[in-house]
Amino acid sequence: MRSITNKIHIIGSGLAGLSTAINAIKKKINCEIYESSKNAGGRCRSFFDKQIDLEIDNGNHLVFSANKNFLNFCETIGSMSTFKLISQDLKFFDIESSHSWELGFKESLLKNIFFKCPIPKTLFFDYLSFLKFLFVKNNTTVDELVGRSKIFTTFWEPFTLAVMNTSPDYASAKVLSNVLKETLFKGKKNCLIYQPIKNWGESLIDPAVRFIKKNKVRINFNETLRKVYTRQGKIEELVFTNKKVKIKDGERVVFAIPPSNIVKLFPEFSLPCDYNTILNIHYKVSSKNQKLFKNEILGFINTISQWVFIKKNCISITVSDANKFNSLDSDEITKEVWKEVCAFLGKKIQYENAKIIKEKKATYIQSPKNNALIQKFNEKKINNIFAGDWTQNTLPCTIEASILSGKKAIESL
Ligand SMILES: Cc1cc2nc3c(=O)[nH]c(=O)nc-3n(C[C@H](O)[C@H](O)[C@H](O)COP(=O)(O)OP(=O)(O)OC[C@H]3O[C@@H](n4cnc5c(N)ncnc54)[C@H](O)[C@@H]3O)c2cc1C
């Protein structure tokens, strides 16, 4: 069926906004983007930081090979060659017991788990909690499902935090089960980890913006949407920092912005309003010290640090569900976390400089209650639609969800 839409106004140039524009271009629909900041990328951005004299990502994003929409997006913008696949085993280190172990990627992960029982002091039975995810109710949390499992601290907790940025006490088991069914349950081919060779800006955001500009779509930076005029549910006018835009008949608006900003424009909406921080600490190190690390990614257990990414001249730590660190002194956290890195190496080494980034609204708390709010909200509107990672309530708030939301926004018009 031919689309009757003759122009789409896209608010936000995060991955959801960029994906909306790219899908509109593919369908030959005219569109224009409005973005409040001076760059595209939103919560997935890279920048040069003077303090540590390095180009860094705001966060260490990790994407699985199961993420088909992400892969299609990269094919479209021609950036596949800027990624590497992490095919090594994923190494974990428990600071309390000093045990370390590896989750194998060389063969099926599930086979590896059930036959090799890789986590120290565990038996085959301890891994049966995986099977509980085959039958999950919408209102169950991960803790309710597997809280008593012997591999809770060593597997379920770190996996839930990494995937959902929500502690197992609150995280929706249904959403996590959807991830498991697409990744671990499908085997090695879906569990490989994509990482940019340089950074996410170079691999995802810059090529997407180039694609959009090449197709003559205008991106208006420094334009915050401040007010929306509606009549009987229909959007009539958008008021930005420097301009007003009338929405003509046949035109559509896609709001690709987070729920915290949606409710400023539409205070009558009931949307999740509780968020979790993701904390990242980037340590600049000499190349000699960088070579002390043999893996590209490490998982830490019983530590503040959850994931360690080893990059060129940079050791980068990720801590999810990190609201408790929002008010703590950044220098203190930086020093404490570095002690954990040294404990792993078994020797004291120095970093040259460090940069801490607290993304206070990294994602909303992905609980069954919040999930239900979003499901209710996602019904069809007259001349607008909402996109963004948060709108895909069967998936966690991720790059995959944001890219998919843009695709679905265009398909629904
Ligand atoms: C530290 C961190 C680590 C993460 N790690 C991972 C990971 O490992 N794997 C993974 O898949 N995902 C990860 N994510 C999640 C992923 O980054 C997000 O899901 C994705 O970037 C969201 O894109 P989006 O377009 O939906 O929203 P956003 O990126 O938030 O984009 C919204 C855009 O809209 C703009 N905007 C907002 N309000 C207005 C307004 N009123 N007018 C105009 N413009 C407006 C904003 O400036 C922004 O550019 C992580 C996120 C963070 C913060």
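This passage walks through the ligand shell, the nonpolar cores and a few loop residues of a predicted model.

A good place to start is the ligand. A shell of 36 residues surrounds it, and the closest of these are Gly12, Gly14, Gly42, Gly59 and Thr398. Four elements each give two or more residues to this shell: helix 1 (15–26), strand 15 (275–284), strand 19 (353–364) and helix 12 (399–411). In make-up, the shell splits into 16 polar, 15 nonpolar and five charged residues. At the level of domains, at least three shell residues come from domain 1 (7–83 + 197–273 + 367–411), and at least three from domain 3 (275–364).

Next come the nonpolar cores. The largest one holds 68 residues, and the members that touch the most others are Ile10, Ile11, Ala21, Leu176, Ala208, Val254 and Ala256. Both domain 1 (7–83 + 197–273 + 367–411) and domain 2 (88–191) give residues to this core, so it lies between the two. A second core, separate from that one, has 26 residues, including Ile56, Leu279, Val341 and Phe344. Back in the largest core, Ile10 is worth a look for its contacts. Once neighbours within four places in sequence are set aside, Ile10 is in contact with Ala21, Val254 and Ala256, among others. Also among its contacts are Gly17, Thr20, Cys31, Glu32 and Ile33.

Two loop residues stand out for their backbone angles. Most residues other than glycine have a negative phi. Ser98, though not a glycine, has a positive phi of about 65°. Ser98 sits in the loop that links strand 7 (90–94) and strand 8 (100–103). It counts as exposed because just 10 other C-beta atoms lie within 10 Å, and the cut-off for exposed is 12 or fewer. Cys117 is another non-glycine residue with a positive phi, in this case near 45°. Its place is the loop between helix 3 (109–116) and helix 4 (142–146). Cys117 has 17 C-beta neighbours inside 10 Å, so it counts as partly exposed.

Last on the list is Cys191, found in the loop between helix 6 (173–182) and strand 9 (193–196). Is this loop residue, Cys191, buried or exposed? Cys191 is buried, because it has 20 other C-beta atoms within 10 Å and a residue needs 20 or more to qualify. Cys191 also pairs up with a residue from elsewhere in the sequence: Ile86 is 105 residues apart from it along the chain, yet the two C-alpha atoms are separated by 9.8 Å.

Methods
Residues numbered from 1 in each chain as written. Predicted model: local features only at pLDDT ≥ 70, side-chain atom pairs only at ≥ 80, totals over all residues. Near = placed C-beta within 6 Å. Nonpolar A, V, L, I, M, F, W, Y, C, P; charged D, E, K, R; others polar. Domains from an automatic or database assignment. Core = buried A, V, L, I, M, F, W, Y, C linked by C-beta atoms within 7 Å. Contact = placed C-beta atoms within 7 Å.
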